[in-house]
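Please keep the sequence and the model open side by side while you read this note. The points can be checked one at a time, in the order given.

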Amino acid sequence: WVAGAAAALAALALASPWVAAQAARHTADAFWQARLQHAQAVGPVGALAAACALACVLLGLHACWSARRRSAALVACALAATVSWTGAAWPWWGAVLQGPVRDLARQAAAHPQPLVQWRLHQPSAAFYAGTVAPRRAPRPGELALARADRVAELPPPQREALDVIGSAGGFVLVLQR
């Protein structure tokens, strides 16, 4: 059971891009579609997860047929599954879910205008921008990090007063004129 569970975890780490693509196809929420479709831009989880999944399967098979070192093989199998998540799947999911906020906040840091979070709560935006990013509507001359779907819902006069500086994974960085 340990070997099977470890192999399943490592395989799930490897299948993360496919899981994200399926979730994007089955959600009606435009924001989450954009977030999960961003997963294709990030790319596959990587060879580390594939190697760990293969190691889990091989170690699990070895444990089933070798009574002498069964416990050592099972511990190694569990360790391989853990490495596949901590070394490959979690960083991949971090890039998918946090990457757009990080990239846009760093882009905002390159501009002299102050940054605000408009109808949004992403505390990491302030961290990546290296400044305070209060949660409020932007004033003229300020940059705002916002969800793209919420900006698209604005009435035309309010939307036309915004210049889009950048967009990524369901978020936009706009400048209020």
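The numbered points below go through a helix pair, several single residues and a cavity.

1. Before anything else, please bear in mind that this is a predicted model, and that each of the values quoted below was computed from it.

2. A good place to begin is the pair formed by helix H2, which covers residues 16-25, and helix H3, which covers residues 30-42. Their axes come within 8 Å and cross at roughly 150 degrees, and the crossing in which H2 passes H3 is left-handed. On the H2 side the contact involves Pro17, Ala20, Ala21, Ala23 and Ala24, while on the H3 side it involves Gln33, Leu36, Gln37, Ala39 and Gln40. Sorted by class, the residues in this contact are 7 nonpolar and 3 polar, with no charged residues.

3. Gln33, one of the H3 residues in that contact, deserves a separate look. With a relative accessibility of 26%, Gln33 counts as partly exposed, because the class called partly exposed lies between the limits of 20% and 50%. Apart from neighbours within four places in sequence, Gln33 is in contact with Ala24, Thr27 and Ala28. In space, the C-alpha atom of Gln33 is 8.0 Å from that of Gly170, although 137 residues separate the two in sequence.

4. Ser16 belongs to helix H2, and you may ask whether Ser16 is buried or exposed. Its relative accessibility is 3%, so Ser16 counts as buried, given that the limit for this class is under 20%. Setting aside the neighbours within four places in sequence, the contacts of Ser16 are Val45, Trp85, Ala89, Trp92 and Trp93.

5. Next, please turn to Glu142, which sits in the loop between H6 and strand S2, the strand of residues 143-147. At 8% relative accessibility Glu142 counts as buried. Beyond the residues up to four places away in sequence, Glu142 touches Gln113, Pro114, Val116, Arg136, Ala137, Val174, Leu175 and Gln176. For Val174, which is 32 residues away along the chain, the separation between the C-alpha atoms is 8.4 Å.

6. Gln176, named among the contacts of Glu142, is part of strand S4, which runs over residues 171-176. Gln176 is buried as well, with a relative accessible area of 15%. Its own contacts, again without residues up to four places away in sequence, are Pro138, Arg139, Pro140, Gly141, Glu142, Ala161 and Leu162.

7. Which residue has a positive phi although it is not a glycine? It is Arg119, whose phi is about 50 degrees. As background, most residues other than glycine have a negative phi. Arg119 is located in the loop between strand S1 (115-117) and helix H6 (123-129), and its relative accessibility of 43% makes it partly exposed.

8. Finally, how many cavities of 30 Å³ or more does the structure hold? There is 1 such cavity, and the space inside the largest cavity is about 40 Å³. Arg119 appears here too, since the lining consists of Trp118, Arg119, Ala146, Arg150, Val151 and Leu154. By class, this lining has 4 nonpolar and 2 charged residues, and no polar ones; the two arginines are the charged members, because Arg is counted as charged.

Conventions:
Residues numbered from 1 in each chain as written. Predicted model: local features only at pLDDT ≥ 70, side-chain atom pairs only at ≥ 80, totals over all residues. Heavy atoms only, no water. 1 Å grid on protein atoms, 1.4 Å probe; cavity = no way out; pocket = protein on both sides within 12 Å on 5 of 7 lines; lining within 4 Å. Points joined across faces, edges and corners; volume = space filled by probe spheres on them. Axes fitted to C-alpha atoms, helices over the stretch in contact; angles between N-to-C directions. Helix = DSSP H or I, 4+ residues; strand = E, 2+ residues; numbered from the N terminus. Left-handed = near helix turned anticlockwise from the far one by under 90°. Contact = heavy atoms within 4.5 Å. Buried < 20%, exposed > 50% of the residue type's maximum accessible area, 1.4 Å probe, protein only.
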